[in-house]
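Subject: Structure for you to look through

Hi,

Here is the structure I promised to pass on. Please open it beside this email and follow along.

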Number of protein chains: 2
Amino acid sequence: MKRIEKKAHLLETAVALFNRHGYHAAGVDRIIAESGIAKTTLYRHFATKEDLILAALRLQDERSRDSMRAFVDQAATDPIEKLLATFDYLEAWFADRAFHGCPFVSAASEYGDETDPIFHEVALHKRLVLAYFEELAHAAGLADAKRVAEIINLLHEGAVAVAQVTRDPATAGRAKEAARRLLADEQSAFA
Amino acid sequence: MKRIEKKAHLLETAVALFNRHGYHAAGVDRIIAESGIAKTTLYRHFATKEDLILAALRLQDERSRDSMRAFVDQAATDPIEKLLATFDYLEAWFADRAFHGCPFVSAASEYGDETDPIFHEVALHKRLVLAYFEELAHAAGLADAKRVAEIINLLHEGAVAVAQVTRDPATAGRAKEAARRLLADEQSAFA
DNA sequence: AATTAACGATACCGATCTGTATCTCTTGAC
DNA sequence: GTCAAGAGATACAGATCGGTATCGTTAATT
């Protein structure tokens with residue numbers, strides 16, 4: 001395994017353990033044991049555990065937003081349908097055995113101080129996701145794209161939190177139905 | 001301070017520290033240091049840290065459901081207005097400096113194993129809150145009270161998650177507006 | 001008032017935490 | 001082929017984790 005592959009493998013292992021056990025509970029020793037890579041190597045790539053957490057969050061930020069976009073693009077062309085398709089993306093995520101809630105919300109729970117770099121990274125991710133919803137709402141020609149995006153975002157976050165506890169992927173479908181009705185309202189208001 | 005007061009003080013301190021720093025990060029040593037009570041005393045009242053966490057969750061379960069009910073009862077008499085008033089309760093919660101997200105969702109993040117007693121306690125709380133919404137929806141004479149309750153619940157959880165990161169109490173108002181429109185739909189469907 | 005039993009503060013236990021120092025080995029350049 | 005430089009594994013360091021044993025003190029009962 002090459003140097004860069006080790007770094008990637010380390011990150012993947014860290015992401016999995018952070019998501020399953022939380023950021024404090026998943027220790028560096030556990031991550032290196034699971035990945036089979038030496039601790040020295042880990043600390044060569046990541047100066048501190050905080051750096052590792054930040055890298056794990058950044059990786060998941062890019063990956064999740066890219067894959068949601070890809071999923072949505074192949075699911076629909078109409079912007080309104082794209083907004084609704086984001087909930088199908090959620091449903092697939094919830095059905096994954098590795099789903100244990102939103103890793104960003106979990107990070108915000110464990111590092112809730114607003115001055116913490118980890119909290120900052122979480123806030124950044126959430127802003128980017130919201131911006132994506134707003135982009136879709138704007139493309140749909142909705143009058144108040146920002147407000148619509150916030151509502152879609154609320155339903156997303158709610159679905160994730162509910163599914164985290166109920167472990168029921170159908171939660172996404174209920175959020176989608178609510179979104180559909182709210183979007184219909186928005187459209188008819190300016191028909 | 002009497003024995004029972006010490007136990008209560010210990011619990012209050014634990015609740016505050018768990019919410020601010022998370023369940024793993026808030027160690028027993030920190031809790032006793034902050035409360036000024038001996039470790040022996042803590043372990044006389046709570047066999048393990050897990051017991052303390054469970055007690056903290058149960059306390060917050062009772063307290064939060066009781067206070068939400070009290071808030072709602074003094075805010076409105078009509079069941080639909082009561083459902084909407086739950087969002088005003090959220091707004092007041094978000095505005096509290098001690099707000100750091102839902103302590104139950106945070107617990108589920110750190111103890112995500114479905115066999116964990118802590119996870120079980122979280123699931124119980126969430127079921128009870130949902131049952132309250134369903135009770136209100138039923139009292140409102142809505143056809144599908146269960147589905148309505150689930151939607152209200154989605155908006156609640158979403159508002160909490162969003163407010164945890166944005167620290168914006170107005171989030172509750174946006175969720176309330178969405179709820180109002182969805183409830184109007186429900187009512188007009190059977191008008 | 002004497003005795004007993006429970007309680008609280010301190011010191012300590014082994015395990016685990018993040019992070020580092022050491023020492024060996026591999027690998028690439030000349 | 002030789003030497004140098006960087007990477008890996010191991011052992012360890014200091015701090016903190018959850019939990020306990022010891023011991024002094026308080027408080028209730030007879």
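Below is what turned up, starting with one chain and ending with the DNA.

One caution before the rest. This is a predicted model.

**One chain**

Begin with chain A. It has 9 helices and 0 strands. Read along the sequence, the pattern is α-α-α-α-α-α-α-α-α. The C-alpha trace of chain A spans about 65 × 30 × 30 Å along its principal axes.

**How helices pack**

Two packed helices are described by the angle between their axes and the distance between the axes. Three pairs are worth a look.

Stay in chain A for the pair α5 (residues 79–95) and α7 (residues 117–139). They pack at an angle of about 150°, with their axes 7 Å apart. Angles over 145 degrees count as roughly antiparallel. So α5(A) and α7(A) are roughly antiparallel to each other. Their crossing is left-handed. On the α5(A) side, the contact is made by A:P79, A:K82 and A:L83; on the α7(A) side, by A:F133, A:L136, A:A137 and A:A139. By class, this contact has 6 nonpolar residues, no polar ones and 1 charged.

Now switch to chain B. Helices α7(B) and α8(B) pack at about 125°, with their axes 8 Å apart. They are therefore oblique to each other. The crossing here is right-handed. From α7(B) come B:V129, B:L130, B:F133, B:E134, B:A137 and B:H138, which meet B:A145, B:K146, B:V148, B:A149, B:I152 and B:N153 in α8(B). Those residues divide into 8 nonpolar, 2 polar and 2 charged.

Then take α8(B) with α9(B). Their axes come within 9 Å and cross at roughly 165°. That makes α8(B) roughly antiparallel to α9(B). This crossing is right-handed. The residues of α8(B) in this contact include B:I151, B:L155 and B:A159, and those of α9(B) include B:A175, B:A179 and B:L182. By class, there are 12 nonpolar, 3 polar and 1 charged residues in the contact.

**Where the two chains meet**

How many residues of chain B are in contact with chain A? The count is 36 residues of chain B, against 36 residues of chain A. On the chain B side, the elements that give two or more residues are α6 (103–110), α7 (117–139), α8 (145–166) and α9 (171–188). Helix α8(B) gives the most, with 13 residues. By class, the chain B side has 15 nonpolar, 11 polar and 10 charged residues.

**How the copies are related**

Two copies of a chain are related by a rotation about an axis and a shift along it. In this model, a rotation of 180° with 0.0 Å of shift along its axis superposes chain B on chain A. The RMSD is 0.0 Å. The two copies are thus related as by a two-fold rotation axis. The same surface serves both copies: 100% of the contact residues of chain B recur in chain A.

Which residue of chain B comes closest to the rotation axis? Look for B:G158, whose C-alpha is at 1.7 Å. B:G158 is also one of the α8(B) residues that meet α9(B).

**The DNA**

Take strand D first. There are 17 residues around it, and A:A38, A:T41, B:G27, B:T48 and B:K49 come nearest. Both chains take part. Chain A supplies at least two residues from each of α1 (3–21) and α3 (39–45), and chain B does so from each of α2 (28–35) and α3 (39–45). The largest share, 4 residues, comes from α3(A). By class, the surface near strand D has 4 nonpolar, 5 polar and 8 charged residues.

Next, strand C. Of the 17 residues around it, A:G27, A:T48, A:K49, B:A38 and B:T41 come nearest. At least two residues each come from α2 (28–35) and α3 of chain A, and from α1 (3–21) and α3 of chain B. Here α3(B) gives the most, with 4 residues. The surface near strand C has 4 nonpolar, 5 polar and 8 charged residues.

Best wishes

Definitions and conventions: Residues are numbered from 1 along each chain as its sequence is written. Chains are lettered from A and ligands numbered from 1 in the order in which they are written. This is a predicted model: local features need pLDDT of at least 70, side-chain atom pairs count only at pLDDT 80 or more; totals for chains, interfaces and linings use all residues. A residue is near a molecule or strand if its C-beta atom, placed from the backbone, lies within 6 Å of it. Ala, Val, Leu, Ile, Met, Phe, Trp, Tyr, Cys and Pro count as nonpolar, Asp, Glu, Lys and Arg as charged, and the others, Gly among them, as polar. Two residues are in contact if their C-beta atoms, placed from the backbone, lie within 7 Å. Copies are superposed by least squares on the C-alpha atoms of residues with pLDDT of at least 70 in both. Axes are lines fitted to C-alpha atoms, for helices over the stretch in contact, and angles run from 0 to 180 degrees between N-to-C directions. Angles under 35 degrees count as roughly parallel, over 145 as roughly antiparallel, 65 to 115 as roughly perpendicular and the rest as oblique. A crossing is left-handed if the near helix is turned anticlockwise from the far one by less than a right angle, and right-handed if clockwise.
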